[in-house]
Amino acid sequence: MSTQVQDRRAWLKLVTAASSGVLLVGCGGGKAQSDEKKPGAGKTGEVEVAPTEDLMQEHGLLNRVLLVYDECVRRLEGKTDKNPLGLLSTYKDGDLKPELLTQAAGIIRHFIEDYHEKQEEEDIFPRLEKAGKLTDLVAILRGQHQAGRGVTEQILGLANLGAMKRAGDRQKLIAALRAFNRMYRPHEAREDTILFPEFRKIIKPSEYDALGDKFEAREHEMFGEDGFEKNVAAVGEIEKELGIYELSQFTPKA
């Protein structure tokens, strides 16, 4: 496991342990280690990240794609905006490369829908349903997963130069991007603030730890070593191409 993965998982585990009053020993240099090597941990015995914190970090990746979708909508609508240098410009046909939108939607399809959401559907939702907790919310979230996959299919089908130049298809693409963002921002917010905290209450500590190992194993199986980090890097490259990578440009001017 890479140092980056170790640091991500160790930091989140440390935060979780601190909030529950658990003392971790052997912490130093940005990596937390246990006295004894945990089952399922890496060869160095690093402490694994809690599963819901893992899912919440993946929501951060999703959020960055939503920002990419926002920028794509602005360009498709030909909105006037300022670039990071403060120069006024108007987006025109050709200002949005179709492949950037295809790459972003591909990350949604493969990492979010085929991996992240499957984890929730197979390991999080059923336990809440069995416990009779948040069943109405779970039903809505399941339905939104299905709806999101349909919208992603629309986006992928329209993310080409021909469709983007046809007024009707262009408007359909804009509507699909807006619909996706409109649904997923409240969707992930409810999971982070209501669903995951409730899930943590109903699961045994041993089962919770085992679930973290299961998530990690599945991520490696599907994406190889550093799967999350590779997808974050891919979104970063898309952001650079679109001119929205520099965080300082989003700071309100005094």
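Start with the whole chain in cartoon view: reading along the sequence, you will meet the pattern α-α-β-β-α-α-α-α-α-α. That comes to 8 helices and 2 strands. Keep in mind throughout that this is a predicted model. If you colour by accessibility, buried residues make up 43% of the 254 residues in the protein chain. A contact map is worth opening alongside: among contacts with a separation of 6 or more, residues 24 or more positions apart account for 75%.

**Stop 1: the nonpolar core**

Select Tyr 69, Ile 124, Ile 155, Leu 177, Phe 180 and Leu 195. These are the residues with the most contacts inside the largest nonpolar core, which has 52 residues. Now show the elements that give two or more residues to this core: helix H2 (51-76), H3, H4, H5, H6, helix H7 (205-223) and helix H8 (227-242). Which helix supplies the largest share of this core? It is H3, with 12 residues.

Centre on Tyr 69 and leave aside its neighbours within four places in sequence. Around Tyr 69 you will then find contacts with Leu 101, Ala 104, Ala 105, Ile 108, Ile 155, Leu 177, Phe 180 and Asn 181. Ile 155, Leu 177 and Phe 180 in that list also appear among the core residues with the most contacts.

**Stop 2: along helix H3**

Next, select residues 98-131, which form helix H3, and look along the axis: the helix bends by about 35 degrees at Ile 112. Just after H3 comes Gly 132, whose phi is positive, near 70 degrees.

While H3 is selected, pick out Gln 119, which lies in this helix. Gln 119 counts as buried because its relative accessible area is 0%. Its side chain makes a polar contact of 2.5 Å with the side chain of Arg 218. Beyond neighbours within four places in sequence, Gln 119 is in contact with Leu 55, Ile 124, Phe 215 and Arg 218.

**Stop 3: salt bridges that involve H3**

Switch on charged side chains. The whole structure holds 19 salt bridges, and three of them make a good short walk.

Begin with Arg 149 and Glu 117, whose closest N and O atoms are 3.3 Å apart. This pair links distant parts of the chain, with Arg 149 in helix H4 (residues 135-158) and Glu 117 in helix H3, 32 residues apart. Are these two partners buried or exposed? Both Arg 149 and Glu 117 are buried.

Move on to Asp 123 and Arg 127, a salt bridge with closest N and O atoms 3.9 Å apart. Both residues lie in helix H3, 4 residues apart, or about one turn of the helix. An α-helix has 3.6 residues a turn, so residues three or four places apart point the same way. The two ends have opposite labels in one respect: Asp 123 is buried, with a relative accessible area of 3%, whereas Arg 127 is partly exposed at 25%.

Then select Arg 142 and Glu 129, where the closest N and O atoms of the salt bridge are 3.2 Å apart. Here again distant parts of the chain are linked: Arg 142 belongs to helix H4 and Glu 129 to helix H3, 13 residues apart. Arg 142 is partly exposed, with a relative accessible area of 28%, and Glu 129 is partly exposed too, at 35%. To finish this stop, select Glu 122, Asp 123, Arg 127, Glu 207, Lys 214 and Arg 218, which salt bridges with shared partners join into one network.

**Stop 4: Glu 191, without a salt bridge**

Jump to Glu 191, in helix H6 (residues 167-202). Which side chain of opposite charge is nearest to Glu 191? That is Arg 149, 9.7 Å away; Glu 191 is buried yet has no salt bridge. What you can draw instead is a polar contact of 3.1 Å between the side chains of Glu 191 and His 187. Setting aside neighbours within four places in sequence, show what else touches Glu 191: His 59, His 116, Glu 120, Phe 125, Leu 141, His 145, Phe 196 and Pro 197.

**Stop 5: Gly 162**

Finally, select Gly 162 in helix H5 (residues 161-165). Gly 162 is partly exposed, with a relative accessible area of 35%. Add Pro 98 and draw a distance between the C-alpha atoms: the two residues are 64 residues apart along the chain, and these atoms are separated by 9.6 Å.

Methods:
Residues are numbered from 1 along each chain as its sequence is written. This is a predicted model: local features need pLDDT of at least 70, side-chain atom pairs count only at pLDDT 80 or more; totals for chains, interfaces and linings use all residues. Side-chain values use heavy atoms; hydrogens and water are left out. Buried means under 20% relative accessible area, exposed over 50%, partly exposed in between (1.4 Å probe, protein chains only). Lys and Arg count as positive and Asp and Glu as negative; His and the chain ends are not counted. A salt bridge is a side-chain nitrogen of Lys or Arg within 4 Å of a carboxyl oxygen of Asp or Glu. A polar contact is a pair of N or O atoms within 3.5 Å; within protein, one must be able to donate a hydrogen and the other to accept it, and residues adjacent in sequence count only if both atoms are side-chain atoms. Contact means heavy atoms within 4.5 Å. The bend at a residue is the angle between axes fitted to the seven residues ending there and the seven starting there. A nonpolar core is a set of buried Ala, Val, Leu, Ile, Met, Phe, Trp, Tyr and Cys residues joined through side-chain atoms within 4.5 Å.
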